[in-house]
Amino acid sequence: MIGRLLRSYRSMRLGTRLALGLGALALVVFAVVGTALTTYMRDYLSAQLDDQLGLAQTAQSKSIEQTGTLQGKKYYRWYYAVYDVSNGTPVLRKPEESSDLPTDIGALTAVARAQLAAGTEVLRTSDLTGEGEYRLRGCAVEPGVVLVSGAPMDSIDDTVRRLVTVQVVAFGLALLALVVFGRRLLRNGLEPLSDMARTAHGIASHNLTESAARLPLRAAKRGGGPEVEELRTAFNTMLEHIDDSLAVRAEAEQRLRRFVADASHELRTPLMSVRGYADLFQYAAANHPEERDRHLARLRAEAARMGVLLDDLLLLARLDAAEVEAPLRLEDTDLTELVREAADAFRAAHPGHPLTVTTGPEPVPLRLDPVRIRQVLDNLLTNAAVHTPAGTPVSVTVTVTARSVSVSVADHGLGIPPGDRARVFDRFYRVDKARSRDRGGSGLGLSVARALVEAHSGTIGLDKGPTATTSFTLTLPRNPPPDHTGT
């Protein structure tokens with residue numbers, strides 16, 4: 001039975017359980033308050049009755065002293081007994097009226113004996129046979145005479161019973177109102193929590209396996225106090241983070257699909273070329289030996305191009321995976337000298353593009369991988385030559401600050417259209433939509449450059465400027481001076 005009640009209680013909603021808990025607590029409080037109030041009222045009325053007995057006996061004692069009998073006003077249903085002391089034993093005097101004494105006077109005689117023994121007034125509550133509870137008081141009128149008076153306590157009991165009845169009704173109504181209205185208030189206060197629960201159920205039924213999945217649900221119900229508001233804010237913030245994570249996942253999946261499609265496209269073309277030249281070589285080499293060298297050269301070129309593409313993909317994969325052994329071999333290098341070497345190689349390979357190099361007179365020592373940074377510089381310079389007509393000037397500028405070193409590579413060619421500027425660093429993305437391989441390569445050069453620069457804790461970006469100008473700037477952090485690492 002108890003177990004079933006406990007299970008029923010646990011299955012109730014939180015608002016109902018809180019309302020019942022408040023009701024039980026209020027019931028305990030009402031019981032304590034009612035008991036204390038009832039006890040106080042009974043004691044107060046009993047004290048008043050004792051005072052009345054004392055005042056009445058004071059007047060009656062004077063009457064007994066003066067006339068020897070009880071005279072004056074007598075209260076209804078009060079009892080009076082006068083005892084003469086004979087040899088230490090109280091002896092009842094004949095009452096003035098028969099109604100002054102109850103049927104059983106044993107309780108009154110016992111009070112008289114107690115007064116004689118105590119030598120002072122005695123108060124006692126006794127149950128008189130057939131009369132109910134009486135408050136008895138015994139006092140000495142004069143030496144050898146004891147007066148015992150008794151007052152009924154049924155009026156006190158009636159008053160206390162009415163008080164208890166009023167308390168039970170009032171506390172019962174108050175308890176009922178507390179449970180009913182408290183349940184309503186709690187339900188309103190907990191409504192935001194219910195809204196969060198409904199939102200959570202909605203999220204649970206939402207298909208999150210789709211790549212474009214989003215969470216349109218939010219806990220919008222306000223109220224419930226600061227704590228519930230904090231919980232609602234945290235809940236919605238968590239949903240925002242989940243939304244962002246889903247968006248990032250969807251974007252990553254789309255990029256992965258695009259990457260796989262572009263990689264497949266890029267690898268399929270040289271593979272088809274290799275297969276085609278192999279077929280031509282098989283059927284034409286024996287009859288036309290002069291074509292053998294040409295076909296072998298094309299095979300080598302396509303294989304080399306495919307090897308470069310695979311090397312770039314492998315390098316990007318290693319950089320993306322953040323391997324413990326990153327593909328960098330750091331050493332102390334003069335960046336200015338590295339820029340000059342790249343400039344000399346550019347002049348030799350592209351004599352039709354005048355190149356201007358601006359560097360400071362002092363060397364700029366940095367700890368970097370010279371091969372990889374040279375690869376970045378060569379890529380930027382080659383792009384400036386490939387994507388501009390002959391005669392277009394190209395400039396390289398080295399800027400040194402206290403914390404970083406920047407290298408800007410700019411050309412004054414046709415520039416990059418505004419719609420393509422935000423995607424020039426995407427993998428396999430080429431401004432040339434025709435994907436011609438004599439201009440534009442595989443579209444991995446800038447992606448590799450950005451990954452290498454970021455691996456050096458640097459940045460690379462396309463500068464904002466005139467539409468007819470293309471300027472890339474890579475920034476590398478400077479090494480702390482040696483005297484700053486000690487003291």
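Two strands count as paired here when DSSP finds at least two bridges between them. Keep that in mind, since the tour starts on a strand pair. One more thing before you click: the model is predicted.

**Stop 1: the mixed sheet**

Select β7 (355-358) and β9, which covers residues 394-400. These two strands run parallel and share four bridges. Zoom in on T358 and you'll find T397 of β9 standing opposite.

Now bring in the rest of the sheet. What is the strand order in this open sheet of five? Going across, you pass β7, β9, β10, β12 and then β11, with mixed pairing. The edge positions belong to β7 and to β11 (459-462); each has a single partner strand, so one side of each has no neighbour in the sheet. From one strand to the next, the twist averages 10°.

**Stop 2: the helices on that sheet**

Show residues 335-349, which make up helix α7. Helix α7 lies across β7, β9 and β10 (404-411), and its direction is at about 175° to that of β7. Next, add helix α8, residues 370-386. Helix α8 also packs on the sheet, where it touches β7, β9, β10, β11 and β12 (470-477). Compare directions and you get about 170° between α8 and β12.

**Stop 3: α7 against α8**

Keep both helices on screen and hide the strands. Two packed helices are described by the angle between their axes and the distance between the axes. For α7 and α8 the numbers are about 40° and 10 Å. That angle is therefore oblique, and α7 passes α8 in a right-handed crossing. If you want side chains, pick L335, L338, V339, E341, A342, A343, A345 and F346 on the α7 side. Facing them from α8 are contact residues including I373, R374, L377, D378 and L381.

**Stop 4: α8 against α10**

Stay with α8 and show residues 445-455, helix α10. The axes of α8 and α10 come within 9 Å, with a crossing angle of roughly 145°. Which hand does the crossing of α8 and α10 have? It is left-handed. From α8, the contact uses R372, Q375, V376, N379, L380 and N383. From α10, the contact residues are G445, L446, V448, A449, L452 and V453.

**Stop 5: the cores**

Put L335 and L474 in spheres. In the largest nonpolar core, which has 41 residues, these two touch the most other members. The element giving the most to this core is α8, with seven residues.

Centre on L474 and list its contacts, skipping neighbours within four places in sequence. You should get V376, L377, L380, V405, S406, V407, V453, T459 and I460. There is also another core lying apart from this one, made of 17 residues. To find that second core, select I64, W78, Y80 and V82, which are among its members.

**Stop 6: the antiparallel sheet**

Move to residues 79-86, strand β1. This strand has antiparallel partners on this stop: β5 (residues 145-152) over six bridges, and β2 (residues 89-92) over four. Strands of a sheet pair through backbone hydrogen bonds, either parallel or antiparallel.

Some bridge partners to label:

- Y83 with V146 in β5
- D84 with V91 in β2
- S86 with T89 in β2

While you're at the β1-β2 hairpin, look between the strands, where there are two residues. N87 takes a positive phi near 55° there.

Zoom out to see the whole open sheet: five strands in the order β2-β1-β5-β4-β3, with antiparallel pairing. Here β2 and β3 (122-128) stand at the edges with a single partner each, so each has one side without a neighbour in the sheet. The average twist between successive strands is 35°. Finish the view with residues 106-118, helix α3. Helix α3 packs on the sheet and touches β1, β2, β3, β4 (132-142) and β5, with its direction at about 160° to that of β3.

**Last stop: A31**

Select helix α2, residues 14-67, and pick out A31 within it. Is A31 buried, partly exposed or exposed? Its relative accessibility is 42%, so A31 counts as partly exposed. Then draw a C-alpha to C-alpha distance from A31 to V168: the two are 9.1 Å apart in space, though 137 residues separate them in sequence.

Key
Residues numbered from 1 in each chain as written. Predicted model: local features only at pLDDT ≥ 70, side-chain atom pairs only at ≥ 80, totals over all residues. Heavy atoms only, no water. Axes fitted to C-alpha atoms, helices over the stretch in contact; angles between N-to-C directions. Contact = heavy atoms within 4.5 Å. Core = buried A, V, L, I, M, F, W, Y, C linked by side-chain atoms within 4.5 Å. Buried < 20%, exposed > 50% of the residue type's maximum accessible area, 1.4 Å probe, protein only. Parallel < 35°, antiparallel > 145°, perpendicular 65-115°, else oblique. Left-handed = near helix turned anticlockwise from the far one by under 90°.
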